[in-house]
Every structure is written in structure tokens, then in C-alpha cells.
Amino acid sequence: MAQDTTSTGQQYSKSTPYKLKGFRYLMSYHSRVCKLILEKTKQPYIYIDLNCGAGYQPDYRKFGDEDLGSPIIALQELNKEGIEPICHFCDASHKSLDILKKAIKELNLKCDPHYWPGENKDSLLRVSRDLANSQFNGLVYSDPNGKQDFPIKEIKKVFEFPQMRKVDLLMNVATTYVKRWESNPKVNWEVYSLEEIINGHGKEKIFVRNPENPSLKWTFIYATNWCKQKDLTAIKLYSIDTDLGKRILDHLFNPRSNPLPGIYDDGSVAIQGDLNLHIPSSNPGEENSHE
Ligand SMILES: C[S@@+](CC[C@H](N)C(=O)[O-])C[C@H]1O[C@@H](n2cnc3c(N)ncnc32)[C@H](O)[C@@H]1O
């Protein structure tokens with residue numbers, strides 16, 4: 001898929017606008033629900049963005065989209081409902097965090113911000129050690145560039161804290177990093193198991209978003225302990241307990257269930273289980289090292 005890189009190193013692909021619009025919708029919904037809860041409980045709202053980026057990306061305009069990223073979108077939607085969250089903004093890029101700091105000030109967004117430069121898995125563990133004793137409402141958002149910055153084990157650990165029981169999780173997941181090649185053990189990728197992605201965080205109710213285009217391999221997984229959470233059909237987010245949710249998961253993660261290879265309008269090819277994508281390794285000893 002064609003990708004551009006912004007001046008702060010964030011990657012922008014065809015799926016970025018769909019992601020950002022879906023994110024704004026979800027944050028708006030989350031803010032409205034949490035407002036009602038917080039009015040009664042007076043609990044704090046915590047927002048942890050594991051890959052916050054700069055928040056303000058003039059380059060996005062160049063690619064034809066709005067110029068705001070997740071941390072600013074989240075704050076705008078929360079502030080609209082009068083919520084002033086405790087925020088933990090994590091990113092490997094100091095430059096991005098500097099831009100974000102300025103953007104939050106200039107846009108006069110209200111929050112208690114904490115900035116964590118460096119590896120997000122380390123930041124997340126440090127954040128979890130410093131959690132106050134209160135019960136939080138809130139959201140952890142993981143929006144990695146790839147598998148290297150997707151700290152699923154640390155996400156699981158942070159949700160083991162009782163204070164985090166009512167904090168939800170949103171992950172933008174690259175399905176290509178999920179193990180789906182049981183039939184072809186020679187593929188040279190390090191991968192996560194589907195089990196780790198879908199259930200590894202320990203939340204009870206899980207939703208998957210139908211990608212805009214079947215060839216896009218990034219999509220949202222949303223997880224919550226609120227059993228009454230309904231599907232968010234406006235952004236095509238469906239419980240994985242429903243037939244539709246199961247079908248989406250199946251399409252995304254289990255190519256063997258897709259009967260035929262297909263070529264989509266944009267020329268990309270739907271990856272199917274029957275295609276032999278094995279590229280022989282120049283070093284035969286390496287071939288099985290990732291399985
Ligand atoms: C896809 S971008 C995030 C976009 C952002 N959420 C938005 O909506 O604009 C991924 C971000 O993760 C950061 N990143 C990459 N590896 C990281 C790591 N190991 N720890 C923390 N941040 C990382 C990159 O610097 C980049 O800003």
C-alpha cells in the first residue's frame with residue numbers, strides 16, 4: 001500500500017483518514033458516555049496514547065486530510081463534554097512530543113498532561129507503577145507503525161491493575177502481523193497470535209471494525225469490560241460475538257476462509273491462504289527461525 005512519511009516520521013497511508021474519522025467518532029461517543037458516569041462517580045478520566053505522534057500534522061493536509069492526530073482529537077472530544085483528562089502521551093520521537101506540547105497550549109486544550117519520550121512499553125510500565133489509587137474511566141490507544149511498537153504484553157499488565165478495570169482499549173492493528181500462516185510455516189515474519197491480539201489484554205467484550213476496503217490490512221480492535229456495550233454501526237464496529245463480527249475477523253485473520261484470490265479496484269491483491277508467497281531464503285538456516 002502506498003505510504004508517505006510526514007516531517008515528524010509518522011506514516012500516512014490510504015487507511016489513515018478512515019482511521020482518524022473512526023477515532024473521532026469513537027472518542028465523541030466515549031466522552032458522552034463517560035460524562036454521564038463521571039457526573040455520578042466523580043472518578044478521574046485517564047487517556048493513555050501509546051503512539052501519540054505530534055497531534056498536529058500540517059503534512060496530513062498535503063495528503064488531503066485534516067491535520068489533527070489522535071491526542072488532539074481525543075482532547076477536543078473530551079473537553080467538549082467538559083472532561084479534563086489525565087493524559088499520558090508516549091512517543092519515541094522527542095520532536096513529536098514538542099510539537100504536541102505546543103499544539104495543546106495553542107489550542108487551549110484542558111488536561112493534566114504527562115509526556116513520555118522513548119519506548120512505549122517502558123513508558124506504559126512506568127505509568128502503571130505511578131497510578132493513583134482511584135478507579136479510573138478512560139481509554140488506552142495503541143496506534144503503532146508496525147509490530148515493533150505494539151506492546152501487547154505490557155498492555156495486558158497494565159489492565160491487571162484494579163484501577164484500570166473501567167478503562168477501555170482501542171488498538172489499530174495490522175492484521176499482517178498476526179499469525180495466520182499455520183499452513184505455511186516458512187513465511188519469514190515475526191508475528192503475534194490471533195489469541196494474543198483478541199484476548200491477550202484481558203478485557204471481556206471485544207469489537208472489530210470492518211475495514212473500509214477489504215484489501216486494507218489495518219483495523220480497530222476495541223475492548224471493554226462494559227458488557228452492555230453495543231455495536232457502533234456508524235463506524236462499522238461489531239462485537240466479535242455476532243455473526244458479522246465473526247465474519248470480519250475471519251476475513252481479516254483467516255485467509256483460508258476466503259475462497260478465491262481477488263484483485264481490488266486500486267490494484268491491490270487480497271492475500272489468500274492458497275497463494276504460495278514463500279520466497280526462498282538465501283540462507284537456508286534462517287528459513288524456519290521465526291516459527
Ligand atoms: C501511526 S503513528 C501514530 C499516529 C497518531 N496516533 C495519530 O493519530 O496521529 C505511530 C507513532 O508511533 C511512534 N513510535 C514508533 N515506535 C515507537 C515505540 N517503540 N515507542 C513509542 N512510540 C513509537 C512514532 O514515532 C509515531 O509517532
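**View 1. N108 in its loop.** In this predicted model, N108 counts as exposed, because it has 7 C-beta neighbours inside 10 Å and the cut-off for exposed is 12 or fewer. N108 sits in the loop between α4 (94-106) and β5 (112-117). Its backbone has a positive phi of about 55°. Yet N108 is not a glycine.

**View 2. K42 in its loop.** Look between α1 (16-41) and β3 (45-49): the loop there holds K42. Is K42 buried or exposed? K42 is exposed, because 8 other C-beta atoms lie within 10 Å and a residue with 12 or fewer counts as exposed. The phi of K42 is positive, at about 60°. K42 is not a glycine either.

**View 3. The residues around the ligand.** The ligand has 19 residues around it. Which of them come nearest? They are N51, G69, S70, N120 and D149. Now sort the shell by class. It has 11 polar residues. Another 4 are nonpolar, and 4 are charged.

**View 4. Confidence and the stretch 258-291.** How confident is the predictor, and where does its score drop? The protein averages a pLDDT of 81. A score of at least 70 is reached by 77% of the residues. Over residues 258-291, the pLDDT is below 50. How many contacts does this stretch have in the model, beyond near neighbours in sequence? The stretch has 37 such contacts.

Notes: Residues numbered from 1 in each chain as written. Predicted model: local features only at pLDDT ≥ 70, side-chain atom pairs only at ≥ 80, totals over all residues. Near = placed C-beta within 6 Å. Nonpolar A, V, L, I, M, F, W, Y, C, P; charged D, E, K, R; others polar. pLDDT = per-residue confidence, 0-100. Contact = placed C-beta atoms within 7 Å. Helix = DSSP H or I, 4+ residues; strand = E, 2+ residues; numbered from the N terminus. Buried ≥ 20, exposed ≤ 12 C-beta atoms within 10 Å, placed from the backbone.
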